[in-house]
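Reader: Could you take me through this protein, with the criteria behind each term stated as we go?

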Amino acid sequence: MPLLDIQSLSLSFGSTLALADASLSLQAGEIVALMGANGAGKSTLVKVLSGVHRADSGIIFWKGALFQPNSPAEAARSGVVTVHQSTDVVGIPDLTVADALLLDRYVDGREPFFLSAASVRRAAARILDEVGITLPLERRFGDLGTADRQLVAIARALSNKAELLILDEPTASLSSNESQRLYTFLRVLKSRGIAILYISHRTTDLMSLADHVVVLRGGRDVGTFTRPIDFGAAIETMIGRPLKSARPDRRALSGRPVLELKQAVLLPGSRPFDFTVHEGEVVAITGVLGAGKSRLLSAIFGRGALAAGSMRLDGRAYHPAGPAEAIAAGVVMAAEDRHRSSLIPAGWPGESLAATISLPHLKRWYPSGFLYSGRETREAVAAIRRLGIKAQGPRASIWSLSGGNQQKAVLARWEAEPSRLLLLDEPFQGVDVGARQDIIHILRDHRDRATLIATSDPEEAYEVADRMVHISNHSLFEGADDAMYAPEGQLTA
Ligand SMILES: Nc1ncnc2c1ncn2[C@@H]1O[C@H](COP(=O)(O)OP(=O)(O)OP(=O)(O)O)[C@@H](O)[C@H]1O
């Protein structure tokens with residue numbers, strides 16, 4: 001008998017069929033990867049499993065009994081626990097790690113609030129012991145890195161007797177070292193009989209972990225692949241067409257310099273470096289979390305400044321006092337945290353897909369202040385077509401789009417107008433491999449600008465860049481060769 005048996009789930013949102021007869025089953029101690037292009041219905045399936053949504057039809061059996069949780073808490077009490085994207089793992093920042101680990105027990109009354117600090121530490125240490133990880137119990141939760149916050153969330157879930165752990169893009173903002181650490185941990189859980197349903201767009205994740213892969217397309221399960229898994233075939237089933245070559249031709253640096261950094265110091269005390277990005281070139285900056293990727297991009301975008309050194313844009317001194325000055329000079333940026341930095345909150349004017357794309361351009365497109373020609377709608381329709389954005393239409397709320405499609409909308413914003421330098425911080429987070437390749441082709445097509453991309457995923461860097469540079473301790477190192485980054489088992493079709 002399978003531990004979990006999902007049979008023919010269907011669920012519509014208005015005219016969108018998010019799940020269409022989707023089925024999947026899973027045994028104890030098994031890691032099943034759920035693959036699907038952006039908008040295929042993965043998150044919706046997870047939300048039905050965790051009691052956020054109720055399916056229109058279909059049946060779920062959990063340990064042989066009918067399962068229809070009304071909330072994530074109810075699902076968790078039955079042993080089905082969901083841990084969301086690593087970027088979304090939030091907690092109360094001022095709690096200690098020990099308190100964060102015990103949070104659910106306080107809330108449901110299993111532990112009294114008035115525990116002494118020593119008892120809290122003991123109880124928390126027991127939880128970590130049981131799951132076999134070490135974390136600094138006295139540290140402020142808010143001071144932990146993303147990877148450690150992720151581990152707190154998983155440890156918390158396991159201490160609540162999870163038998164099925166659902167992980168929705170857990171490595172989205174982890175570097176490859178941190179991902180390896182997570183894989184090791186997940187394999188230990190598997191050996192103890194815990195089942196894992198794993199959603200990720202990173203093929204390296206799936207190759208290292210999955211016992212089998214279920215592919216969703218248009219809300220329907222369209223293929224199951226068992227070991228040895230043919231990932232090329234799984235991806236083609238997922239995107240419904242052959243995969244293009246994953247490795248672009250590295251182009252020679254023929255363009256003139258767009259951005260030049262001389263003796264740049266990112267943080268007081270860090271090693272000064274020179275760095276140039278040329279017209280027509282796509283450069284990827286790789287490095288672990290905290291190495292300084294985002295700080296460098298932010299300094300170039302006028303959000304923060306260099307501690308020392310100089311910048312030139314198109315040969316002229318460039319020291320933007322803020323993002324507005326950077327944009328005026330032709331430097332645009334899509335930051336890492338799209339929810340906070342790029343999207344208008346739900347319920348506010350400007351939350352539509354068309355507005356998301358056009359917002360920074362409206363003044364230029366409509367100098368009179370009246371939106372008279374419908375250009376923002378036309379641009380949105382064009383972007384939907386060019387980037388394959390899955391949405392009900394240009395007026396759909398950005399919040400009704402799946403995560404990957406939101407990310408494409410943010411990219412479409414900076415494709416709608418010419419720029420000199422495009423800065424992208426983790427642009428492929430949550431974007432499926434098929435869409436990633438489409439976007440890469442669009443990015444590489446621009447001969448008239450320079451593109452600088454920060455990514456913690458070597459596979460992405462390898463696929464997108466003419467040149468890769470590495471950042472460590474807030475200093476750039478050039479001259480890394482391809483072999484260093486070529487991911488094992490690179491997929492080429
Ligand atoms: N609350 C909602 N209201 C309207 N439409 C929705 C809602 N939630 C999801 N959808 C739609 O259902 C479809 C499936 O979305 P879902 O988020 O499940 O995709 P996904 O496979 O998780 O995609 P991604 O890889 O981009 O996260 C999409 O077309 C999405 O726009």
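Author: We can begin at one residue pair in a sheet: Val 332 stands opposite Leu 422 in β17. The model is a predicted one, in which local features need pLDDT of at least 70 and side-chain atom pairs count only at pLDDT 80 or more, while totals for chains, interfaces and linings use all residues. Residues are numbered from 1 along each chain as its sequence is written.

Reader: In what sense do β16 and β17 pair, and over how many bridges?

Author: Strands are DSSP runs (E, at least two residues; helices are H or I, at least four), numbered from the N terminus, and two of them pair if DSSP finds at least two bridges between them. For β16 and strand β17, which covers residues 421-425, the pairing is parallel, over four bridges.

Reader: Which strands stand at the edges of the sheet, and why is one side of each left without a neighbour?

Author: The sheet is open, with six strands in mixed pairing and the order β16-β17-β18-β13-β19-β20. Each edge strand has a single partner strand, so one side is left without a neighbour in the sheet, and the strands concerned are β16 (331-334) and β20 (475-477).

Reader: Is Leu 422 buried or exposed?

Author: A residue counts as buried if 20 or more other C-beta atoms, placed from the backbone, lie within 10 Å of its own, as exposed if 12 or fewer do, and as partly exposed in between. Leu 422 has 22 other C-beta atoms within 10 Å, and is therefore buried.

Reader: Which residues does Leu 422 touch, not counting those up to four places away in sequence?

Author: Contact requires C-beta atoms, placed from the backbone, within 7 Å. Thr 451 is 29 residues apart from Leu 422 along the chain, yet their C-alpha atoms are separated by 4.7 Å. With that sequence limit, the residues touched by Leu 422 are Val 332, Trp 414, Arg 449 and Thr 451.

Reader: Where does the largest nonpolar core lie with respect to domain 1 and domain 2?

Author: A nonpolar core is a set of buried Ala, Val, Leu, Ile, Met, Phe, Trp, Tyr and Cys residues joined through C-beta atoms within 7 Å, and the largest has 139 residues, with Leu 165, Tyr 198 and Leu 423 having the most contacts inside it. Helix α5 (residues 146-159) gives the most to this core, with eight residues. Because domain 1 (4-242) and domain 2 (257-485) both give residues to this core, it lies between them.

Reader: How many residues of domain 1 and domain 2 are in contact?

Author: The domain bounds come from an automatic or database domain assignment, and the centres, taken over C-alpha atoms, are separated by 30 Å. The contact involves 23 residues of domain 1 and 21 residues of domain 2.

Notes: Two residues are in contact if their C-beta atoms, placed from the backbone, lie within 7 Å.
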